[in-house]
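Q: Please take this structure label by label. For each term, set the value against its cut-off and conclude.

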Amino acid sequence: MIAEILLKIRHFYFSLRGIHFHPESVISGVPIRSFRLVGKYSNIYLGKNAEIRSGCYLIARDKIIIGENSTLAYGTTILTTALSHVHGIHLRGSVLEHAV
């Protein structure tokens, strides 16, 4: 019963932050901020029964879609963009654009 209440609190908190998720997805961990995020919460999409375990590190400058029945295990790191600007070259997803 307590676990269900904590899950509802987490869903409410993360929905306010902008995460898109299926009602049956799980963001686990005792603290609400159980994973680290750089970027926008609104770039994260969780499918049915998808789970983000504590200790994950997400750089969500572009969309991260975690499909149905998928889990990001403890300590998983996902980078959508490693760097946003390097020596006059802008990195956007997998496309390199030279800055003029």
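Q: What makes up the chain, in helices and strands?
A: This is a predicted model. The chain holds one helix and 12 strands. From the N terminus on, the order is α-β-β-β-β-β-β-β-β-β-β-β-β.

Q: How do you know which strands pair in the open sheet, and in what order?
A: Pairing takes at least two bridges between two strands. Three bridges join β4 to β7. That count meets the cut-off, so β4 and β7 pair. The open sheet has three strands in the order β1-β4-β7, with parallel pairing. Its edge strands are β1 (20–21) and β7, as each pairs on one side only. Across the β4 and β7 pairing, Y45 stands opposite I65 in β7.

Q: What makes β3 and β6 a pair?
A: Four bridges join β3 to β6, and the two run parallel. The rule asks for at least two bridges, so β3 and β6 pair. R36 stands opposite Y57 in β6.

Q: How do you know that β6 also pairs with β9?
A: Three bridges join β6 to β9 (residues 77–79). At least two are needed, so this is a pair as well. These strands run parallel. I59 stands opposite L79 in β9.

Q: Why is the contact between R53 and E51 called a salt bridge?
A: The N to O distance between the side chains is 2.7 Å. The cut-off is 4 Å, from a side-chain nitrogen of Lys or Arg to a carboxyl oxygen of Asp or Glu. R53 and E51 come within that limit, so the contact is a salt bridge. The count by this rule is one salt bridge.

Q: Are R53 and E51 buried or exposed, and how do you know?
A: E51 has 17% relative accessibility. Buried means under 20%, so E51 is buried. R53 has a relative accessible area of 37%. That value falls between 20% and 50%, so R53 is partly exposed.

Q: What makes a set of residues the largest nonpolar core here?
A: Members must be buried nonpolar residues joined through side-chain atoms within 4.5 Å. The largest such set has 16 residues. I19, F35, I44, L46, I52 and L58 have the most contacts inside it. Two or more residues each come from β4 (44–46), β6 (57–60) and β7 (64–66). For the chain, buried residues make up 28% of the 100 residues.

Q: Why is the pair of Y13 and F14 called edge-to-face?
A: The ring centres lie 5.0 Å apart, and the planes meet at 75°. Rings pair within 6.5 Å, and planes over 60 degrees apart count as edge-to-face, so both tests are passed. Y13 is partly exposed at 24%. F14, at 1%, is under 20% and so counts as buried.

Q: Why is the pair of F14 and Y41 called tilted instead?
A: The distance is 6.0 Å centre to centre, and the angle between the planes is 40°. That angle is neither under 30 degrees nor over 60, so the pair is tilted. F14 lies in helix α1 and Y41 in the loop between β3 (36–39) and β4, so the pair ties together parts 27 residues apart in sequence. Y41 counts as buried at 7% relative accessibility. The whole structure has two aromatic pairs. Ring pairs link Y13, F14 and Y41 into a cluster.

Q: What makes M1, I2, I5, L6 and I9 a nonpolar patch?
A: Patch residues need over 30% relative accessible area, with nonpolar side chains joined within 5 Å. L6 has 39%, so L6 passes the area test. L6 is also partly exposed. L6 is found in helix α1 (residues 2–17). Together, M1, I2, I5, L6 and I9 have about 540 Å² of accessible area.

Q: What makes the phi of N49 and of N69 worth a check?
A: N49 has a positive phi of about 60° although it is not a glycine. N49 sits in the loop between β4 and β5 (51–52). N69 is also not a glycine, and its phi is positive, near 55°. N69 sits in the loop between β7 and β8 (71–72).

Q: Which class of exposure does N49 get, and which does N69 get?
A: N49 has 35% relative accessible area, between the two limits, so N49 is partly exposed. N69 has 57%, over 50%, so N69 is exposed.

How values were computed. Residues numbered from 1 in each chain as written. Predicted model: local features only at pLDDT ≥ 70, side-chain atom pairs only at ≥ 80, totals over all residues. Heavy atoms only, no water. Buried < 20%, exposed > 50% of the residue type's maximum accessible area, 1.4 Å probe, protein only. Patch = residues over 30% accessible without salt bridge, like charges linked within 9 Å, V, L, I, M, F, W, Y side chains within 5 Å. Areas by Shrake-Rupley, 256 points an atom, 1.4 Å probe, with all protein chains shown as cover.
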